[in-house]
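Colleague: I have a few quick things to ask about this one before I go back to the bench. Could you bring it up on the screen?

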Amino acid sequence: MSYDPYSSPPPTPSHPTYPTYPWQPPAGAAPEPARRRPRRPALGHHSDLRVLRGAYRRQRRVATLTALGYFTLFLILSAVAPSLMTSTVTDGLPTGLLLALLQLPVTWLAIALYEHTARVHVDPVADRIRRQAEVDAKREATR
């Protein structure tokens, strides 16, 4: 039989007799039994951790948006409304300077909001998870 370049290639077996990948078990070998992971004690419930992450995320957003939002508003007013920023509020005190000086109290407000939301929303969830972890650790130690 001669080779014809215009004909289809010779048929190949659908399954090679050699392993395709180095980690592939040899053909006909029995599969390994599934290995079980060792059981670890559960540290709180997953829903509690999800609630804690959500509360912490809201806490960061509120504090960050308070401080950065005010600063961004100040920058936009400086660029868009220079006549407003140069107008005087009282004798010799321009509006821009007053708004710039208010940046410090707004930052303090953001810190106070951060601490308040931590006290009200984040700390109770974290304490509950901590207590549950202690109970789980004691329970696991008695086994």
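Colleague: Which residues make the nonpolar surface patch?

Modeller: In this predicted model, Leu 104, Trp 108 and Ile 111 together make a nonpolar patch on the surface, and the area of that patch is about 340 Å².

Colleague: Where does Leu 104 lie, and is it buried or partly exposed?

Modeller: Leu 104 belongs to helix H4, which covers residues 103-142, and with a relative accessible area of 47% Leu 104 counts as partly exposed.

Colleague: Before I go further, what is the mean pLDDT of the protein chain?

Modeller: The mean pLDDT of the protein chain is 80, and 72% of the residues reach 70 or more. Among the elements, confidence is lowest in helix H1, residues 46-80, where the mean is 86, and highest in strand E2, residues 93-94, at 92.

Colleague: And how many helices and strands are there, and in what order do the elements run?

Modeller: The protein chain has 4 helices and 2 strands, and read from the N terminus on, the elements follow the order α-α-β-β-α-α.

Colleague: What share of the residues counts as buried?

Modeller: Of the 143 residues in the protein chain, 16% count as buried.

Colleague: Changing topic to charges, how many salt bridges does the structure hold?

Modeller: There are 2 salt bridges in the structure. In one of them Asp 127 pairs with Arg 130, and the closest N and O atoms are 2.7 Å apart; in another, Asp 136 pairs with Arg 139, with 3.3 Å between the closest N and O atoms.

Colleague: How far apart are Asp 127 and Arg 130 in helix H4?

Modeller: Asp 127 and Arg 130 are 3 residues apart in helix H4, so about one helical turn separates them. Asp 136 and Arg 139 also both lie in helix H4, 3 residues apart, which is about one turn of the helix.

Colleague: Why can such side chains pair at all?

Modeller: In general, side chains that carry opposite charge can pair when their charged atoms come close.

Colleague: Then which of these residues are buried or exposed, starting with Asp 136?

Modeller: Asp 136 counts as buried because its relative accessibility is 12%, which is under the 20% cut-off. Its partner Arg 139 is partly exposed at 44%. In the other pair, Asp 127 is partly exposed with a relative accessible area of 33%, and Arg 130 is partly exposed as well, at 47%.

Colleague: Which residues gather in the patch of positive charge on the surface?

Modeller: That patch of positive charge brings together Arg 50, Arg 53, Arg 57, Arg 58, Arg 60 and Arg 61 on the surface. One of them, Arg 58, has its place in helix H1.

Colleague: Staying with helix H1, is Leu 65 buried or exposed?

Modeller: Leu 65, which lies in helix H1, is exposed, with a relative accessible area of 63%. Between Leu 65 and Ala 110 there are 8.5 Å in space, taken from C-alpha to C-alpha, although the two are 45 residues apart in sequence.

Colleague: And Phe 74, is that one buried or exposed?

Modeller: Phe 74 is also found in helix H1, but Phe 74 is buried, with a relative accessible area of 18%.

Colleague: What separation do the C-alpha atoms of Phe 74 and Leu 99 have?

Modeller: The C-alpha atoms of Phe 74 and Leu 99 are separated by 7.0 Å, while along the chain these residues are 25 residues apart.

Terms used
Residues are numbered from 1 along each chain as its sequence is written. Side-chain values use heavy atoms; hydrogens and water are left out. Patches are made of residues with over 30% relative accessible area and no salt bridge: like charges are joined within 9 Å, nonpolar side chains (Val, Leu, Ile, Met, Phe, Trp, Tyr) within 5 Å. Accessible areas come from the Shrake-Rupley method with a 1.4 Å probe; for residues, only the protein chains shown count as cover. A salt bridge is a side-chain nitrogen of Lys or Arg within 4 Å of a carboxyl oxygen of Asp or Glu. Buried means under 20% relative accessible area, exposed over 50%, partly exposed in between (1.4 Å probe, protein chains only). pLDDT is the predictor's confidence in each residue, from 0 to 100. Lys and Arg count as positive and Asp and Glu as negative; His and the chain ends are not counted. The place of a charge is taken as NZ of Lys, CZ of Arg, CG of Asp or CD of Glu.
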